[in-house]
Amino acid sequence: MTARWISPPVRISVVAKGDADRRERDDRQGVRDERRDSRKPIDSGDRGQSRDRTGAGRGGVAAGSRPGVRGARRPFIHRDGRVIPLVLDVTDAAQIAAAVERVEALDILVNNAGVALYDDLTDRAALEQSLAVNLFGPWAVSQAFLPLLTRSRGAIVNNVSLMALAPLALTPSYAISKAAAFNLSQSLRALLAARGVGVHAVLTGPTDTDMTRGFDIPKASAESVARAIFDGVAGGEEDIFPDPMSRTVAQSWRASAAKALERENAAFLAMVSAEAA
Ligand SMILES: NC(=O)c1ccc[n+]([C@@H]2O[C@H](COP(=O)([O-])OP(=O)(O)OC[C@H]3O[C@@H](n4cnc5c(N)ncnc54)[C@H](OP(=O)(O)O)[C@@H]3O)[C@@H](O)[C@H]2O)c1
């Protein structure tokens, strides 16, 4: 199977065998632009391509005209026949390896699985569980699918959180894990640039899902957030702010000293790597 995306509630972009063969052929013929264009179905509906989208339920998924893969801890049936279900707990190395075996080609990996616990930093287990799912999960899944993403010059999308920038101390372990996942995304972005793999971090604000069920606050719909994420990927945004609340900090983040330093550090890494090569 070749997938356009993978979602454990990460989503993987898988492609079927015929597509994989075509990609190999394109590779040999140097048809790189055409292959990049083939990722376009994730473009926004406002460009008239909404027919190319599918929603995949929790956490939201969008897919192109090629099949998509959605991972979840428990077996499930998706209402869209193009979505191929995978059983995948992101803390389970064997399940990750088995998922990789089922995917022949991949355009976009969306690390969307997450756990948010109420805690007060007195319980080490809460911190460990948050890190296991929200940090080591995307790390492990990204590393496992990296060969496929390198081959497709694809993209990793990490659904982080606005709490990566500023914690809400009702869920401090969650915020710590998301800050670490954001930093992971920044390093992966610098490290994978030379392979042509893009890394996008999504600084999501309050979204209407099970995770925020108990919060009586304004929330964006999961569907609007999913659309904005894929629009951001299509638009080449490194850091994606997909909802009204997160958008209030987008401009200041992009113009910030921290973002400038990230770019400087990435340029330094590229220079050192080029010298060492
Ligand atoms: N909702 C928000 O306001 C908000 C804001 C910022 C960021 N986010 C991020 O958005 C992502 C999606 O969250 P959501 O809002 O859709 O929350 P959700 O409704 O609680 O969904 C979380 C999903 O993660 C899955 N999951 C948890 N642990 C997993 C594991 N070990 N392996 C595989 N899947 C696992 C859950 O699967 P099960 O159904 O099996 O438990 C569930 O489908 C998360 O990364 C979250 O941190 C959400």
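With 11 C-beta neighbours inside 10 Å, does Leu-121 count as buried or exposed, and what cut-off decides? Leu-121 counts as exposed, because 11 C-beta neighbours lie inside 10 Å; a residue is exposed if 12 or fewer other C-beta atoms lie within 10 Å of its own, buried if 20 or more do, and partly exposed in between, with C-beta atoms placed from the backbone.

Before the views, two notes on the model. This is a predicted model, in which local features need pLDDT of at least 70 and side-chain atom pairs count only at pLDDT 80 or more, while totals for chains, interfaces and linings use all residues. Residues are numbered from 1 along each chain as its sequence is written.

**View 1. Leu-121, a loop residue with a positive phi.** Here you are looking at the loop between β5 and α4 (124–134), where Leu-121 lies. Helices (H or I, at least four residues) and strands (E, at least two) are DSSP runs, numbered from the N terminus. The phi of Leu-121 is near 65°, a positive value in a residue other than glycine. Find Pro-172 as well: Leu-121 and Pro-172 are 51 residues apart along the chain, yet their C-alpha atoms are separated by 6.7 Å.

**View 2. Helix α5, with a kink at Leu-146.** Helix α5 covers residues 136–152, and its 17 residues should span 24 Å at 1.5 Å a residue, which agrees with the 24 Å between its end C-alpha atoms. The expected span of a helix is 1.5 Å times one less than its number of residues. The kink at Leu-146 is about 55° and comes shortly before the proline Pro-147. The bend at a residue is the angle between axes fitted to the seven residues ending there and the seven starting there. The buried residues of α5 include Val-141, Ser-142, Phe-145, Leu-148, Leu-149 and Ser-152. An α-helix has 3.6 residues a turn, so residues three or four places apart point the same way.

**View 3. Arg-153, just after α5.** What is the phi of Arg-153? Arg-153 has a positive phi of about 50° although it is not a glycine. Its place is in the loop between α5 and β6. Arg-153 counts as partly exposed because it has 16 C-beta neighbours inside 10 Å.

**View 4. Strands β5, β6 and β7, joined by parallel pairing.** Two strands pair if DSSP finds at least two bridges between them. β5 (residues 105–111) is mostly covered, with seven of its seven residues buried. Four bridges join β5 to β6, and Leu-109 stands opposite Ile-156 in β6. On to the next pair: five bridges join β6 (residues 155–159) to β7, and Asn-158 has Ala-201 in β7 as its bridge partner. The chain travels from β6 through helix α6 (residues 172–192) to β7, and this β-α-β crossover is right-handed. A crossover is right-handed if, with the strands pointing away from the viewer, the path from the first strand over the helix to the second runs clockwise.

**View 5. Strand β7, buried on both faces.** In β7 (residues 198–202), five of the five residues are buried. Gly-198, His-200 and Val-202 point one way, and Val-199 and Ala-201 the other way. In a regular strand the side chains alternate between the two faces of the sheet. β7 also pairs with β8 (residues 239–240) in the parallel sense, over two bridges, and Val-202 has Ile-240 in β8 as its bridge partner. β7, helix α7 (residues 222–234) and β8 make a left-handed β-α-β unit.

**View 6. Phe-241 and Pro-242, in the loop after β8.** Both residues sit in the loop between β8 and α8 (244–254). Phe-241 is buried because 23 other C-beta atoms lie within 10 Å; Pro-242 is buried because 26 do. The C-alpha atoms of Phe-241 and Leu-203 are separated by 5.3 Å, with their places 38 residues apart along the chain. Pro-242 and Phe-230 are 12 residues apart in sequence and 9.2 Å apart in space, C-alpha to C-alpha.

**View 7. The shell around the ligand.** How many residues surround the ligand? There are 26, and the closest are Ala-113, Gly-114, Thr-204, Thr-209 and Met-211. A residue is near a molecule if its C-beta atom, placed from the backbone, lies within 6 Å of it. The shell divides into 10 nonpolar, 11 polar and five charged residues. Ala, Val, Leu, Ile, Met, Phe, Trp, Tyr, Cys and Pro count as nonpolar, Asp, Glu, Lys and Arg as charged, and the others, Gly among them, as polar.
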